[in-house]
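These are my notebook entries on a structure that I looked through element by element. I recorded helix packing, then the sheet, then the enclosed and open spaces.

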Amino acid sequence: MEKDSSLTSKAYETIRQQIFDFDLFPGQVVSDYLLSKELNMSRTPIRQALMRLSNEGLLEEQSGKKNYCVANITKEDIQDLFDFREGIETTAFMLAWRNGFTSGQMEHLQEITDNMKSTHEAGQAKEHFFYDQQFHNELVALSGNRRLIKAHDEILLQLTRMRFLSFLENSLQSKACVKHQAILDAIRREDYEGGRQAVIDHVRSSCADYINLFGHGLSANSLCLLRYFTRNQEGTEG
């Protein structure tokens, strides 16, 4: 039983990364038979992994068929996701403000933002994504509200997949650094409304950027660029 669970986890992690790296691109049919050959395991753990990815919104069941395909990202999907994210993060900011930001918490958030800046300047996009997401995770966690934290966790996979799209537009990474710094500067000024508005501005700006990048579908040329950049990053890490 433990072995089956381990194989399912391995299949899940591998397929999820293939989706993030656009080795499996939006709309592509995912075959449990081919994956079982590729990963050298039976189809049972593959199917369990595909079901989990479907539940998380990264895969969609094909109507009338047993296969899955990689979920497309439409303009409507992006807008819905970022509307949800805005509600979560502005409420989390309000609660974190009410709890009070300690000097240690502010130092930690600033350290994350500084790491974002340095990894961006070094051309380390994947590391930049990690710190970008960590900033938002920490800010939501400071709300202390378990339901908000859980809701935020549920949209992380979709946000992660979209962040890889900024490989196509390098300026989005430096823009995120500026937006995060604006939030921290407002907190230091004890400007609640300025900080709340900075959170809203960041989320809405990101939404508009992703709709501009991907709201009309991903071209074959863009797909090739994404694959090149993700693989190149893997080759330069460590």
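**Entry 1: helix 6 and helix 8**

I looked up the handedness with which helix 6 and helix 8 cross, and I recorded it as right-handed. I note that the model is a predicted one. For the geometry, I found that the axes of helix 6 (residues 125–141) and helix 8 (residues 156–163) come within 11 Å. I entered a crossing angle of roughly 145 degrees for this pair.

I then asked which residues of helix 6 meet helix 8. On the helix 6 side I listed Phe 129, Asp 132, Gln 133, His 136 and Asn 137. Their partners in helix 8 are Leu 156, Leu 159 and Arg 163. By class, I counted the residues of this contact as three nonpolar, three polar and two charged.

**Entry 2: the sheet**

I turned to the strands and asked in what order they lie in the sheet. I found an open sheet of three strands in the order 1-3-2, with antiparallel pairing. Strand 1 (29–30) and strand 2 (59–61) are the edge strands, and each of them pairs on one side only.

I checked how strand 1 is joined to strand 3 (residues 68–70), and I found two bridges between these antiparallel strands. Val 30 stands opposite Tyr 68 of strand 3. I also noted that helix 3 (residues 43–55) packs on the sheet and touches strand 1, strand 2 and strand 3. The direction of helix 3 makes about 100 degrees with that of strand 2.

**Entry 3: the cavity**

I searched the whole structure for cavities of 30 Å³ or more and found one. I recorded about 210 Å³ of space in the largest cavity. Its lining holds 20 residues, and the closest to the centre are Asp 132, Leu 172, Ala 176, Ser 206 and Tyr 210. Asp 132 had already appeared in my list for the contact of helix 6 with helix 8.

I next asked which elements give two or more residues to this lining. I listed helix 4 (75–99), helix 6, helix 8, helix 9 (171–188) and helix 10 (192–214). By class, the lining has seven nonpolar, seven polar and six charged residues.

**Entry 4: the second largest pocket**

I recorded about 170 Å³ of space in the second largest pocket. I listed its lining as Val 30, Asp 32, Arg 43, Arg 47, Leu 50, Met 51, Lys 66, Asn 67 and Tyr 68. Helix 3 gives the most to this lining, with four residues. I classed the lining as four nonpolar, one polar and four charged residues. Val 30 and Tyr 68, which stand opposite each other in the sheet, both line this pocket.

Terms used. Residues numbered from 1 in each chain as written. Predicted model: local features only at pLDDT ≥ 70, side-chain atom pairs only at ≥ 80, totals over all residues. Heavy atoms only, no water. Axes fitted to C-alpha atoms, helices over the stretch in contact; angles between N-to-C directions. Left-handed = near helix turned anticlockwise from the far one by under 90°. Contact = heavy atoms within 4.5 Å. Nonpolar A, V, L, I, M, F, W, Y, C, P; charged D, E, K, R; others polar. Pairing = 2+ DSSP bridges. 1 Å grid on protein atoms, 1.4 Å probe; cavity = no way out; pocket = protein on both sides within 12 Å on 5 of 7 lines; lining within 4 Å. Points joined across faces, edges and corners; volume = space filled by probe spheres on them.
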